[in-house]
Amino acid sequence: MNPIRIQNYIAVFVVIVLVGVVFVVANAVQSGKAETQVDASVIAKKTLFFRDLPDGSVGVISASNGRMIAQVEGQAGFVRGILRALARERRIRQITSDDAFELISRSDGRLTLVDLATGNRIDLESFGRDNAAQFAAFLNSAGQ
C-alpha cells in the first residue's frame, strides 16, 4: 500500500475519533451528566469577619456576637494567602470588605470558606490537612 494512502487513512481515523469525543462530551453536558457534585451535609458553620488590626495581625471575629475568637499573628502564610485571594476578588468587583465570610465543615470532611459578598468559595482541605486545620481552629474557637 502506498505510504501516502496509509497516512490519509490514519488522518481520517484521528478525525473520526476526535469527532466522536466531541460528540460524547457534548451529549454528556447536554444531558446534565456533567453537573457539579452536590455538597455534603453541614456539620458546623460559623460566620466570621476578618479585620486587619493596628498591630499588623488579623482579627477573626464572630459575626453572631462581635467577639474576637482568634488573632492571626506573624506570617501565617496560608490564612493570609487565602484572605488575600478573596480580598483581591472583592477589589476587582469593587465590593466593600465589610461583608462576612462563612466557614463550613461538611460531613465528608471538606472545609469550605465562602465569601458572602462575592459567592466565591475555597475548599480549604484541598490545600492539605495542616493548612485546613488553621481555619478549622476558628470553628472550634469559643464564641458562636
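Two strands are taken to pair if DSSP finds at least two bridges between them. By that criterion, strand 1 and strand 4 of this predicted model pair in the antiparallel sense, over six bridges.

**View 1. Strand 1 and strand 4 at their shared border.** The pairing of these two strands is antiparallel and spans six bridges. Within strand 4, E102 is the bridge partner of T47. E102 also forms a salt bridge with K45, with the closest N and O atoms 3.9 Å apart. This pair links distant parts of the chain, since K45 belongs to strand 1 and E102 to strand 4, 57 residues apart. The relative accessible area of E102 is 17%, which is under the 20% limit, so E102 is classed as buried.

**View 2. The open sheet of six strands.** The strands follow the order 3-2-1-4-5-6, with antiparallel pairing. Strand 3 (68–72) and strand 6 (121–123) stand at the edges; each has a single partner strand, so one side of each lacks a neighbour in the sheet. On average, neighbouring strands of this sheet are turned by 25° against each other, direction ignored. Strands of a sheet pair through backbone hydrogen bonds, in either a parallel or an antiparallel arrangement.

**View 3. Strand 4 and its enclosed side chains.** Six of the six residues of strand 4 are buried, so this strand is largely enclosed by the rest of the structure. F101, L103 and S105 point one way from the strand, while E102, I104 and R106 point the other way. In a regular strand, side chains alternate between the two faces of the sheet.

**View 4. The hairpin of strand 4 and strand 5.** Strand 4 (101–106) and strand 5 (111–115) pair in the antiparallel sense over five bridges. I104 stands opposite T112 in strand 5. The hairpin has four residues between the strands, and G109 takes a positive phi near 90° there.

**View 5. Strand 2 and strand 3, with G59.** Strand 2 (residues 58–62) pairs with strand 3 in the antiparallel sense over four bridges. The bridge partner of I61 in strand 3 is M68. G59 lies in strand 2 and is buried, with a relative accessible area of 0%. Leaving aside residues up to four places away in sequence, G59 touches F49, F50, R51, L53, M68 and A70. For G59 and F49, the C-alpha to C-alpha distance is 7.9 Å, at a separation of ten residues in sequence.

**View 6. Helix 2 and helix 3 against the strands.** Helix 2 (residues 77–92) lies across strand 1 (42–52), strand 2, strand 3, strand 4, strand 5 and strand 6. Helix 2 runs at about 30° to strand 5. Helix 3 (residues 129–140) lies across strand 1, strand 2, strand 3, strand 4 and strand 5. The angle of helix 3 to strand 1 is about 95°.

**View 7. The salt bridge of R121 and D39, and its network.** The side chains of R121 and D39 meet in a salt bridge at 2.9 Å, N to O. R121 is in strand 6 and D39 in the loop between helix 1 and strand 1, so the pair links distant parts of the chain, 82 residues apart. Both residues are partly exposed, R121 at 35% relative accessibility and D39 at 30%. A network of salt bridges links D39, R106, D108, R110, R121 and D123. Side chains of opposite charge can pair when their charged atoms come close.

**View 8. The salt bridge of E89 and R93.** The closest N and O atoms of E89 and R93 are 2.8 Å apart. R93 counts as partly exposed, at 41% relative accessibility. A search of the whole structure finds nine salt bridges, including this pair.

**View 9. A nonpolar surface patch with V17.** The patch covers about 1,100 Å² and is made by M1, I6, Y9, I10, F13, V14, V17, L18, V21, V25 and V29. One of these residues, V17, is found in helix 1 (residues 3–31). V17 is partly exposed, with a relative accessible area of 40%.

Conventions. Residues are numbered from 1 along each chain as its sequence is written. This is a predicted model: local features need pLDDT of at least 70, side-chain atom pairs count only at pLDDT 80 or more; totals for chains, interfaces and linings use all residues. Side-chain values use heavy atoms; hydrogens and water are left out. Patches are made of residues with over 30% relative accessible area and no salt bridge: like charges are joined within 9 Å, nonpolar side chains (Val, Leu, Ile, Met, Phe, Trp, Tyr) within 5 Å. Accessible areas come from the Shrake-Rupley method with a 1.4 Å probe; for residues, only the protein chains shown count as cover. A salt bridge is a side-chain nitrogen of Lys or Arg within 4 Å of a carboxyl oxygen of Asp or Glu. Buried means under 20% relative accessible area, exposed over 50%, partly exposed in between (1.4 Å probe, protein chains only). Axes are lines fitted to C-alpha atoms, for helices over the stretch in contact, and angles run from 0 to 180 degrees between N-to-C directions. Contact means heavy atoms within 4.5 Å.
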